[in-house]
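Colleague: I would love a close look at one part of this model, the charged pairs and what lies around them. Please take me through it slowly, in one go, with the structure open beside us.

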Amino acid sequence: MPQTHPDFADLAVIDRSGLVESRHAGTAVVLGADGAVLHALGDIDAPMYPRSSLKPFQALASMQSGVPLRGAEVALACASHVGSTEHQELAASMLAKAGLSEADLQCPTAWPRHEATRMDSIRSGGSPSRLAFNCSGKHAAFLWACTENGWDTTTYLDPEHPLQRRVVEVVEDYAGEKITHLAVDGCGAPVPAISLRGLASATGRLSRSPGHKSSDARATTIATAMLDYPWAVHGHGEENTVVMEDLGIISKLGAEGVLILGTPEGVSCALKIRDGNSRAATLVGLTLLASVDALEIDALTAVLEKINKPVLGGGRPVGRIRVAKPVLDLLD
């Protein structure tokens, strides 16, 4: 039976050979350009961790601290990238401009998720590196902020570091909420707990900034760069990149089933899959935008054909991921 708990709702189901095999419950909100709630599924005011969907706002804090990011560098500071050679070389270049190197990064090491880059590294006797970690661009921007201001680079992930205090200020400003709880993200950086409503509000303000003269020029740069260099934010053929390339909508996944979407007009969506699996997040989020006419159904269908992977049996499609009834009903 569908979930009826007031804190969350069924968002997606997985069909295999005509039978629902799995369900993804969660919470989601769509805000209009004026910040009004257009749709809410579950408790949108409960605290949650935005995880990597927060990166555009962490990048904004770095830029407000004087980091002279340009072009693809801006997008990489917002990225959860796949560790391709392009991504790693760009992160290394950012560090060099700051007078630093990979050794100064305090994110974990990782093998590239980009298959060709990973295989090349293995064949050449390489090893996991910090540059290949998906957050290396964010960390490079953090470190560059430190060198621009004469701040200590060895403690840049400390919640009391001037840069991390600036991150809190930016998030509070854009989300319209006071942060009362900080955790440690997977990359080691502080991550605040905010509500899904606050995350969507921040997203809408960021995504509409290029069209508002009163917006922070650095926020405008971030929103523009993410759409101009979508490969740097995720990777060629990856979900966030395809959405931004094909639809012109800011898209940023976060760990544990989090996603933000923002249109140039400022309509925004934020969602959290309760079980932490992201496989249905983009399907649900784009469908919710279509339900408020912020996205045409034909455009939605074309993008989903690229990114919505089929359910396989014996190597051939036998089912699909589809939105659950509470989301589907919103299209009526």
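Modeller: Happy to! One cut-off first: a residue is called buried under 20% relative accessible area, exposed over 50%, and partly exposed in between. Please keep in mind that this is a predicted model.

Let's start with D45, which falls in that middle class because its relative accessibility is 44%. The side chain of D45 meets that of R197 in a salt bridge, with 2.7 Å from N to O. D45 sits in the loop between β3 (37–41) and β4 (47–48), while R197 belongs to helix α7 (residues 196–207), so this pair ties together parts that are 152 residues apart in sequence. The partner, R197, is also partly exposed, at 33%.

Now turn to E73 and K97, whose side chains form a salt bridge at 2.6 Å, N to O. Here, too, distant parts of the chain are linked: E73 lies in helix α2 and K97 in helix α3, 24 residues apart. E73 counts as buried because its relative accessibility is just 5%.

A third pair joins R218 and D216 at 3.0 Å, N to O. R218 is partly exposed at 35%, whereas D216 is buried at 18%. If you count a Lys or Arg side-chain nitrogen within 4 Å of an Asp or Glu carboxyl oxygen, the total comes to 13 salt bridges.

The helices that hold E73 and K97 lead us to α5. The cover over the buried residues of α5 includes α2 (72–77) and α3 (85–97), along with α1 (55–64) and α6 (162–175). Of the 14 residues of α5, 11 are buried, so the helix is largely enclosed by the rest of the structure. Among the buried ones are K138, H139, F142, L143 and W144. The length of α5 (residues 136–149) makes sense as well: at 1.5 Å a residue it should span 20 Å, and its end C-alpha atoms are indeed 20 Å apart. Just past α5, G150 adopts a positive phi of about 70 degrees.

For contrast, look at a nonpolar spot on the surface. W111, M119 and I122 make a patch of about 260 Å² there. M119 is part of helix α4 (residues 115–123), and at 33% relative accessibility M119 counts as partly exposed.

Definitions and conventions
Residues are numbered from 1 along each chain as its sequence is written. This is a predicted model: local features need pLDDT of at least 70, side-chain atom pairs count only at pLDDT 80 or more; totals for chains, interfaces and linings use all residues. Side-chain values use heavy atoms; hydrogens and water are left out. Patches are made of residues with over 30% relative accessible area and no salt bridge: like charges are joined within 9 Å, nonpolar side chains (Val, Leu, Ile, Met, Phe, Trp, Tyr) within 5 Å. Accessible areas come from the Shrake-Rupley method with a 1.4 Å probe; for residues, only the protein chains shown count as cover. Helices (H or I, at least four residues) and strands (E, at least two) are DSSP runs, numbered from the N terminus. Buried means under 20% relative accessible area, exposed over 50%, partly exposed in between (1.4 Å probe, protein chains only). The expected span of a helix is 1.5 Å times one less than its number of residues. Contact means heavy atoms within 4.5 Å.
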